[in-house]
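Subject: Structure for your files

Dear colleague,

Here is the structure we spoke of passing on. Please keep it open while you read the notes underneath.

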Amino acid sequence: MTADKLPVLDENWQRALAIVAHPDDMEFGASSAVARWTAQGKEVSYILMTSGEAGIDGMSPEEAGPAREEEEIKSAAIVGVEKVEFLGYTDGIIEYNLDLRRDLTRKIRTYRPEIVITLSHHLTWPGGPLNMADHRWLAYGVMDASRDAGNRWIFPELLDEGLEPWTGVRMVLLSGSPEPTHAVDVTEHLDIGIASLQAHKLYIDNLAQGFDPVGFLTQAAVETGKQAGFEYAVSFEVISI
């Protein structure tokens, strides 16, 4: 592999926790990697901060939220994820603050992952489109909580809940980053990742006319594969903890 190609992500770990803002966040790329990891016998769990209730213009939040939760549970099962938890934050207005950091620290101490996955904190996606605020603020919270989880004197009230510090988080993986650092070979798992995105039928049907999950994920995987030396790949920006 030449020096200008993305290095392969270290997969010498067993337990990962994905923390994202909305149903479908993992499925727009990262779930193909999750399919690879669960096939290896790794344990991956999902936390959804919101139910994506503000994501469909033609449906009220009261209707959309439960429907999108159902789609996410089905989608996660396709890639081998059995544990999906929704935290009930309000879609579209996640704020970076101490309450967010505390809630995330609580979950990291509970799940005790080695790897934490979230979306990019950068202002824009690759190519320039704006990355929405929920993704950006949550990413900062996830990165900080991954370190906070190991310090017993940050949020000491969590000790009263029986949650001892967890220093086992090795790195946070940022999906969709315009500054990727590592790649994962998903050549044998892209089809499963595509199926997981297709499971969000209600959401996809309300996107811009003509959105093609197969073409979207395949094109992205081909481009990343060229950078990594694989047929298909997905990328992450790795933040060491």
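Below are my notes on the sheet, some individual residues and the largest pocket. Please bear in mind that this is a predicted model.

The sheet

The sheet is open and built from 7 strands, in the order E3-E2-E1-E4-E5-E7-E6, with mixed pairing. E3 (84–86) and E6 (182–185) are the edge strands; each has a single partner strand, so one side of each has no neighbour in the sheet. On average, neighbouring strands are turned by 30 degrees against each other, direction ignored.

Strand E1 (residues 15–20) runs parallel to strand E2 (residues 43–48), and 6 bridges join the two. One of the residues involved is arginine 15, whose bridge partner in E2 is glutamate 43.

Two helices can be placed against this part of the sheet. Helix H3 (residues 98–111) packs on the sheet and touches E1, E2 and E3, with its direction at about 160 degrees to that of E1. Helix H2 (residues 61–78) lies across E2 and E3 and runs at about 155 degrees to E3.

Strand E5

Strand E5 (residues 171–175) has 5 of its 5 residues buried, so it is largely enclosed by the rest of the structure. Met171, Leu173 and Ser175 point one way from the strand, while Val172 and Leu174 point the other way.

E5 has strand E4 (residues 115–119) as a parallel partner, joined to it by 5 bridges. It is also joined by 5 bridges to strand E7 (residues 233–240), and that pair runs antiparallel. Leucine 173 takes part in both pairings: it is the bridge partner of isoleucine 117, and it stands opposite valine 238 in E7.

Individual residues

Leucine 9 lies in the segment before E1. Is it buried or exposed? Leucine 9 is buried, because its relative accessible area is 4%, and the cut-off for buried is under 20%. Leaving aside neighbours within four places in sequence, its contacts are Trp37, Met171, Leu173, His182, Ala183, Val184 and Val238. Leucine 9 and arginine 109 are 100 residues apart along the chain, and their C-alpha atoms are separated by 24 Å.

Two residues have a positive phi although they are not glycines. Aspartate 24 has a phi of about 90 degrees and sits in the loop between E1 and helix H1 (31–39). Aspartate 24 is buried, with a relative accessible area of 6%. Phenylalanine 155 has a phi of about 55 degrees and is found in the loop between helix H4 (133–148) and helix H5 (157–160). Phenylalanine 155 is buried as well, at a relative accessible area of 8%.

The largest pocket

The largest pocket holds about 1100 Å³ of space. Its lining has 39 residues, and the closest to the centre are Phe28, Trp125, Pro126, Gly176 and Phe216. Which elements give two or more residues to the lining? They are helix H8 (213–228) and E7. H8 supplies the largest share, 8 residues. By type, the lining residues divide into 22 nonpolar, 12 polar and 5 charged.

Regards

Terms used:
Residues numbered from 1 in each chain as written. Predicted model: local features only at pLDDT ≥ 70, side-chain atom pairs only at ≥ 80, totals over all residues. Heavy atoms only, no water. Pairing = 2+ DSSP bridges. Helix = DSSP H or I, 4+ residues; strand = E, 2+ residues; numbered from the N terminus. Axes fitted to C-alpha atoms, helices over the stretch in contact; angles between N-to-C directions. Contact = heavy atoms within 4.5 Å. Buried < 20%, exposed > 50% of the residue type's maximum accessible area, 1.4 Å probe, protein only. 1 Å grid on protein atoms, 1.4 Å probe; cavity = no way out; pocket = protein on both sides within 12 Å on 5 of 7 lines; lining within 4 Å. Points joined across faces, edges and corners; volume = space filled by probe spheres on them. Nonpolar A, V, L, I, M, F, W, Y, C, P; charged D, E, K, R; others polar.
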